[in-house]
Amino acid sequence: MSEIFTILGEFVQTYQKQTQQKVKLIDAFATFQLLTALVQMFYMLLVGTFPFNSFLSGFGASFISFCLTICLRKQVVSPKDFGNISQERAFADYVVCNVVLFLTVFNFMG
């Protein structure tokens, strides 16, 4: 059991030393989005799905936005994999995709 804590401690130290501040911010936002999706899922399991479109919209928006944020993180960390696009271009793509996502979600909610 102590080996697990040792590995986790080394991971946290390495993450804090070697990760850029921008990437840490993206990671924090992605964690928030994932936790929001999980809270919505647990709420649905406990209370029910009465406005089912609202549940699907909220959960879908949270989870898909999480996926888009992870894609942004990958583009910021390793731009060579994406044809050396700039961080500004990656962020602009992220914003456009989120606008399309939320317009779709608002349309689905009715």
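**Exercise 1. Which residue forms a salt bridge with Lys74, and how far apart are the closest N and O atoms?**

Before we start: this is a predicted model.

Step 1. Look around the side chain of Lys74 for a carboxyl oxygen; the cut-off to apply is 4 Å.

Step 2. The partner is Asp81, with the closest N and O atoms 3.5 Å apart.

Step 3. Now check how open each end is. Lys74 has 43% relative accessibility, so it counts as partly exposed. Asp81 has a relative accessible area of 54%, so this residue is exposed.

**Exercise 2. Find how many salt bridges there are, and work through the remaining pairs.**

Step 1. The count comes to three salt bridges. Lys74 with Asp81 is one of them.

Step 2. Take Arg73 next. Its side chain meets that of Asp27 in a salt bridge, at 2.4 Å from N to O. This pair links distant parts of the chain: Arg73 sits in helix α3 and Asp27 in helix α2, 46 residues apart.

Step 3. Compare the two ends with the cut-offs: buried is under 20% and exposed is over 50%. Arg73, at 25% relative accessibility, therefore counts as partly exposed. Asp27, at 15%, counts as buried.

Step 4. That leaves Asp93, which forms a salt bridge with Arg89; here the closest N and O atoms are 3.2 Å apart. Both residues lie in helix α4, four residues apart, or about one turn of the helix.

Step 5. Run the accessibility check again. Asp93 is at 28% relative accessibility and counts as partly exposed. Arg89 is partly exposed too, with a relative accessible area of 47%.

**Exercise 3. Work out how α3 and α4 are arranged relative to each other.**

Step 1. Start with what you need: two packed helices are described by the angle between their axes and the distance between the axes.

Step 2. Get those values. The axes of α3 and helix α4 (residues 87-109) come within 10 Å and cross at roughly 170 degrees.

Step 3. Classify the angle. Over 145 degrees counts as roughly antiparallel, so α3 and α4 are roughly antiparallel to each other.

Step 4. List who does the touching. On the α3 side the contact residues include Asn53, Leu56, Ala61, Ile64, Leu68, Leu72 and Val76. From α4 they include Gln87, Phe91, Tyr94, Leu101, Phe102, Val105 and Met109.

Step 5. Zoom in on Leu68, which is in helix α3. Leave aside its neighbours within four places in sequence, and Leu68 is in contact with Tyr94, Cys97, Asn98 and Leu101. The C-alpha atoms of Leu68 and Tyr94 are separated by 6.8 Å, with their positions 26 residues apart along the chain.

Step 6. Try another pair across these helices. Val95 lies in helix α4. Val95 and Thr69 are also 26 residues apart in sequence, and their C-alpha atoms are 9.9 Å apart in space. At a relative accessible area of 35%, Val95 is partly exposed.

**Exercise 4. Locate the nonpolar patch on the surface and say which helices supply it.**

Step 1. Collect the members: Leu34, Leu35, Leu38, Phe42, Leu45, Phe63 and Ile64. Together they have about 650 Å² of accessible area.

Step 2. Assign them to helices. α2 (21-47) and α3 (52-77) each supply at least two residues. The largest share, five residues, comes from α2.

Step 3. Check a member from each helix. Leu38 is found in helix α2, and at 40% relative accessibility this leucine counts as partly exposed. Ile64 has its place in helix α3 and, at 40% relative accessibility, counts as partly exposed.

Step 4. Use Ile64 for a longer-range check against Glu3. The two are 61 residues apart in sequence and 35 Å apart in space, C-alpha to C-alpha.

**Exercise 5. What is unusual about the phi of Asn84, and where does this residue sit?**

Step 1. Recall the background: most residues other than glycine have a negative phi.

Step 2. Read off the backbone angle. Asn84 has a positive phi of about 55 degrees although it is not a glycine.

Step 3. Place the residue. Asn84 is in the loop between α3 and α4.

Step 4. Finish with accessibility. Exposed means over 50%, so Asn84, at 57% relative accessibility, counts as exposed.

Terms used:
Residues numbered from 1 in each chain as written. Predicted model: local features only at pLDDT ≥ 70, side-chain atom pairs only at ≥ 80, totals over all residues. Heavy atoms only, no water. Patch = residues over 30% accessible without salt bridge, like charges linked within 9 Å, V, L, I, M, F, W, Y side chains within 5 Å. Areas by Shrake-Rupley, 256 points an atom, 1.4 Å probe, with all protein chains shown as cover. Buried < 20%, exposed > 50% of the residue type's maximum accessible area, 1.4 Å probe, protein only. Axes fitted to C-alpha atoms, helices over the stretch in contact; angles between N-to-C directions. Parallel < 35°, antiparallel > 145°, perpendicular 65-115°, else oblique. Contact = heavy atoms within 4.5 Å.
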